[in-house]
Amino acid sequence: MSDVRKCQVLVVGGGPGGYPAAIRAGQLGLDTVIVDKHGLGGTCLNRGCIPSKAFIHAASKFEEMRHSAAKSEMGISLVAEPTFDMGGLTAWKDGVVGKLTKGVGQLLKAAKVEAIAGWAKFENAKTCVVETNDGGTIRIEAENVILATGSKEVEILSLPFGGPIVGSTEALELTELPEDLVVVGGGYIGLELGIAFRKMGSNVSVVEALDTVLPSYDKELIRPVQMWLKKNKVAVHLKSLAKSVVEEGGQTFLEYADDKGEIQRLKADKVLVAVGRVAVTEGWGLETMGLEMDGRFIKVDDQCRTGMRGVYAIGDLVGEPLLAHKATKQGELVAEIIAGHRRRFDPVSIAAVCFTEPELVGVGLTPDEAKAKGETVITGKFPLAASGRALTMEGGADGGFVRVTARESDHVVLGIHAVGKHVSELSGEFALAVEMGARLEDIAGAIHVHPTLTEGFAESALAALGHPIHISA
Ligand code: FAD
Ligand code: NAD
């Protein structure tokens, strides 16, 4: 006989969707239980956002040191080449992850949430049995259920994970630097990690099915990233489909069909497959719950309610965009709805950042997207080569810029996009401007601190209004 735990709120999944939902529910005085099998923090803290950003930071640091060893600049030189130890990097990353996941555990405890390490399997919409990681069994009967089971890597049938073929999870656990890395998929993960491995010293090539890398960003925006890839000898094979891995003469190769359909080979110590992620909908009794689906995701309304009363779903499980901050906002919101607050998930836009070299930020509509929606727009663009702050941080030479798109009739900002070194830190101001319905005059009229990159945002608004100060109109 297993123990029975009754609660007001059961959260399944401890990622950036689930754990904030549980903390908020606890803060609101609801008796809350959270269950996660693979570690609090979910994909994001353990195998995603944080590990990848740790790798990206370390790779950039190593690359900068190599430059200093090769050429004295800014009065800095290194008398010897720096060395790199992949095992040391992975251990440091694990330390960062450990601090954060421990912190999540403490926050849950402070909010009086019971955290159970184990796998939950539903028998019906409100009852599940948890096989705990320490070998026990707990039966949970909940008044409300928040499903936050997240997503996992898409596997290509002809390239099953194992041996030299890895997904992002394993790539972030490597203890030896691959000499030749082939990345299949030139999207977020492929380019963020591909660029990081290039900076660490791997030979990197990318095989992408479409006619562009980073297909979710527009051509003008990705040009600086393409320039970096070219300058740093990252070969990008577009309109190409990865086929299989072959071993020959003691070496491993990835075979792919190129844009003419001809089979080509790339030497590969590791093949990183990063062709998207799919919701985790199997193995936890979804079929017993009677929920409606929206393709491969769970269908929810603007309060994250499924078709079943008292059952909510959030985060990657409910579809695009598959981003941590979207999951978190939905988690907080659902807890408040359960506590009786009137809330809706209705953002004007969800900001996205791609931590490539240089970085990309997108909030709201691009000029083409706005036009496709029938808007007549004006745009303003400010090159970061004209930003004092960018130049003091070795930016500006990479073709970076800030671009604002506004409705011509009332100057309401519809979209803001930027590319360049360190522009990820502008995403907060961009998101606020779009969410609050700011006009160009609001942006241009707010005094922006000198010298910061944010001045570039104000200048882009001034450019859209026809009178920029630091570039010719
Ligand atoms: P998840 O984080 O996937 O968490 C779900 C959790 O539920 C997992 O721990 C899983 O083990 C657990 N679980 C599932 N089923 C059960 C069950 N039945 N019982 C118990 N536990 C269960 N997003 C960004 O916004 N910024 C980034 O920079 C970024 N970088 C990324 C880099 C990489 C390499 C990857 C892979 C992803 C990245 N993402 C990033 C995406 C981000 O990680 C996801 O959008 C986010 O983690 C989704 O949160 P979630 O709570 O919906 O699910
Ligand atoms: P993605 O959708 O960003 O990119 C996948 C790429 O693979 C696409 O360009 C696609 O055209 C290509 N592709 C698909 N099938 C292919 C094939 N058979 N051969 C060659 N190319 C193929 O997916 P991802 O990079 O796996 O990332 C998954 C999700 O994780 C993203 O959608 C994003 O939401 C999230 N993520 C976010 C961040 C961030 O916010 N900075 C970072 C990493 C991941």
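I take two strands as paired if DSSP finds at least two bridges between them. The model I am examining is predicted.

**Entry 1: a three-stranded sheet**

I began with a bridge partner: E255 is matched with R265 in β13. I then looked up how many bridges join β12 to β13, and I found five. Strand β12 covers residues 251–257 and runs antiparallel to β13.

I next placed this pair in its sheet. The sheet is open, has three strands and follows the order β11-β12-β13. Its pairing is antiparallel. I noted that β11 (241–248) and β13 (263–267) are the edge strands; each has a single partner strand, so one side of each lacks a neighbour in the sheet. From one strand to the next I recorded an average twist of 30°. As background, I note that strands of a sheet pair through backbone hydrogen bonds, either parallel or antiparallel.

**Entry 2: the shell around ligand 1**

I turned to ligand 1 and listed its surroundings. The shell holds 38 residues. G17, D36, H38, T43 and K53 are the closest of them. By class, I recorded 15 nonpolar, 17 polar and six charged residues in the shell.

I then looked up polar contacts that involve the backbone. A backbone N or O atom of G17 is 2.9 Å from an oxygen atom of ligand 1. For A120, a backbone N or O atom lies 2.9 Å from a nitrogen atom of the ligand. At C44, a polar backbone atom is 3.4 Å from an oxygen atom of ligand 1.

I also checked how far the ligand is covered. On its own, ligand 1 has 1000 Å² of accessible area, and the protein covers 94% of this.

Which elements give two or more residues to the shell? I found β2 (32–36), α2 (42–47), α3 (49–70), β3 (114–124) and α8 (324–338). Of the elements, α2 gives the most, with four residues.

**Entry 3: the disulfide at C44**

I returned to C44, whose backbone I had recorded at 3.4 Å from an oxygen atom of ligand 1. C44 forms a disulfide with C49, and the two sulfur atoms are 2.3 Å apart. That distance falls within the cut-off of 2.5 Å for a pair of cysteine sulfur atoms. My count of disulfides came to one.

Is this disulfide left-handed or right-handed? The torsion about the S-S bond of C44 and C49 is about -125°, so I recorded the disulfide as left-handed.

Note on methods
Residues numbered from 1 in each chain as written. Chains lettered and ligands numbered in written order. Predicted model: local features only at pLDDT ≥ 70, side-chain atom pairs only at ≥ 80, totals over all residues. Heavy atoms only, no water. Near = heavy atom within 4 Å. Polar contact = N/O pair within 3.5 Å; in protein donor to acceptor, adjacent residues only side chain to side chain. Areas by Shrake-Rupley, 256 points an atom, 1.4 Å probe, with all protein chains shown as cover. Nonpolar A, V, L, I, M, F, W, Y, C, P; charged D, E, K, R; others polar. Axes fitted to C-alpha atoms, helices over the stretch in contact; angles between N-to-C directions.
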